[in-house]
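The exercises below are meant to be worked through with the sequence and the 3D view side by side. Try each task before reading its solution.

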Amino acid sequence: MGAILVRRNILVFVLDQLSARALDIYGGQFHMDNISALAADGVTVSDCYTTYPLCQPARASLWTGMHSHRNRVWSNGRQCPITPIDESFPALGDSFSAAGYETRHFGKKHDGGALRGFVSSEEKEKKIPDENPAFPFNMDTYADAYTMDEVLSYLDGRDDERPLLMVVDLINPHNICGWIGVNKGKHEDVPIDGELPELPPNFYFDDILSRPLPVQYLCCSHVRQGQTSEWNEDNFRHYLAAYRYYLSIADRQIGQVLDAYRKAGLMDDSLIVFTSDHGDNITARRSVTKQVTLYEEVTRVPLILSGPAVKAKGRKAEGLASLLDLFPTLLSAASIEQDPRLDGVDISAVLDGGELPERKYITSEWYTEWGYTISPGRMIRSGNIKYMRYLEGDGEELYDLEADPYEKRNLAGDESYHDTLERMRDLLSEYIRESDDPFFSLSVKADKRWRSHKPGYENHRGPTAPEV
């Protein structure tokens, strides 16, 4: 007798711009009821990294299971347009559809064509009134309101007998980006009830001169960072309060989806996945949103595997993982044959109490956001040692995350870490060679104008490169 194939339902939540470090389940200061409930009913992966801390590249990697330098989706467009995903590349929706699944996607796409094989809802907005004058809504929250109507309507009327792979792609807490625009420059914040969140231990950027040039001048390449140059500490604390608020809206909506999913009779033996495409700087180093840098706040994302399919409840799976692992893991959870072209590994053993596979390293990469400046960079982490390399100025960063989890002191110039630095350089070269990464042949684009003021984000004045 052959093995019994499991055709369980799978529900995937993807939030936009959620740093693992923001959540209390990862040691952060923000508690979210429904996200925490998913963690209690499942396995929380301790150290999961995005392939690229930017929306479109991260999502294209998530749905194809391929590094950005392989699928060539390595920007958000504009001055660096991307070629849509080649139809010969793997696609999660295709794999599940071919295996007899109904494949439905609701919400944000920005996928470079990688959602091939899904039946996707339209991307529209539903204007809703602000709930709090301190935290105005914009197109991101309006889009999520429309998505929620679509999701709840679909679940209420679903009559398909096939197993279901369903993705709910919420944009919040990304509304924080527009909130910066509303509050750019010197300003008085709208008062809020209760205490403001605390600034992180690495709010002050004490050794900015030791960092690579693209990091020193992040304020010149990133519109939102430039808009905060004249903020004071309280402005940054209000930023954290706004981030928490927009995240709480997404958390509330997750609860509504789960209730409707359960009511539709889909929960039995289901696997529920919760993650994000990339993180947010959450005011580390006076930084907001994401761009250029490859620090923990922007590269380390939450990954929770939850629901009835998980036998080992409430545990944390220690070790390194990547968003690339989601594709092979979902194939395994649904008893679908693996695709040898995938760059990630199957971590489904954690569902039954197993450990994460041991891996030599984990990586993330950067090229550009919009093409106005191009600052190719790579991050590689092995054990607790993390190394970053940027082509511009041969910039390097090295951190011991056990001793310095907030990456406050760059050890690349510390002679006592010379052997460690050499080892990580060799490891990066090995990865680049084995993954056919063109990193060392890429070109830098950074006009001297964007490297001219005294280092320090608070010293930036005037427009940023995308605004000229």
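**Exercise 1.** Decide whether Ile 85 is buried or exposed, and describe its surroundings.

*Solution.* Begin with accessibility: Ile 85 has a relative accessibility of 7% and therefore counts as buried, where buried means under 20% relative accessible area, exposed over 50%, and partly exposed in between (1.4 Å probe, protein chains only). This is a predicted model, in which local features need pLDDT of at least 70 and side-chain atom pairs count only at pLDDT 80 or more, while totals for chains, interfaces and linings use all residues. Residues are numbered from 1 along each chain as its sequence is written, and side-chain values use heavy atoms, with hydrogens and water left out.

Next, place the residue: Ile 85 sits in the loop between helix H3 (68-71) and helix H4 (92-98), helices (H or I, at least four residues) and strands (E, at least two) being DSSP runs numbered from the N terminus. Then list its partners: setting aside neighbours within four places in sequence, Ile 85 is in contact (heavy atoms within 4.5 Å) with residues including Ala 60, Val 73, Asp 111 and Arg 116.

**Exercise 2.** Find where Asp 277 lies and which residues it is in contact with.

*Solution.* First, locate Asp 277 in the loop between strand S6 (271-276) and helix H11 (296-299). Second, check its accessibility: the relative accessible area of Asp 277 is 0%, so this residue is buried. Third, look at its contacts, again leaving aside neighbours within four places in sequence: among them are Val 14, Asp 16, Tyr 52, Arg 59, Val 301 and Leu 323.

**Exercise 3.** How many helices and strands does the protein chain have, and how compact is the chain?

*Solution.* Start with the secondary structure, which comes to 13 helices and 13 strands. The radius of gyration of the protein chain is 21 Å, close to the 23 Å that the globule rule gives for 468 residues, so the chain is as compact as a globular protein of that length; the radius is taken over C-alpha atoms, and the rule is 2.2 Å times the number of residues to the power 0.38. Along its principal axes, the C-alpha trace spans about 70 × 50 × 40 Å. Finally, turn to burial and contacts: buried residues make up 64% of the 468 residues, and among contacts between residues at least 6 apart in sequence, 75% join residues at least 24 apart.
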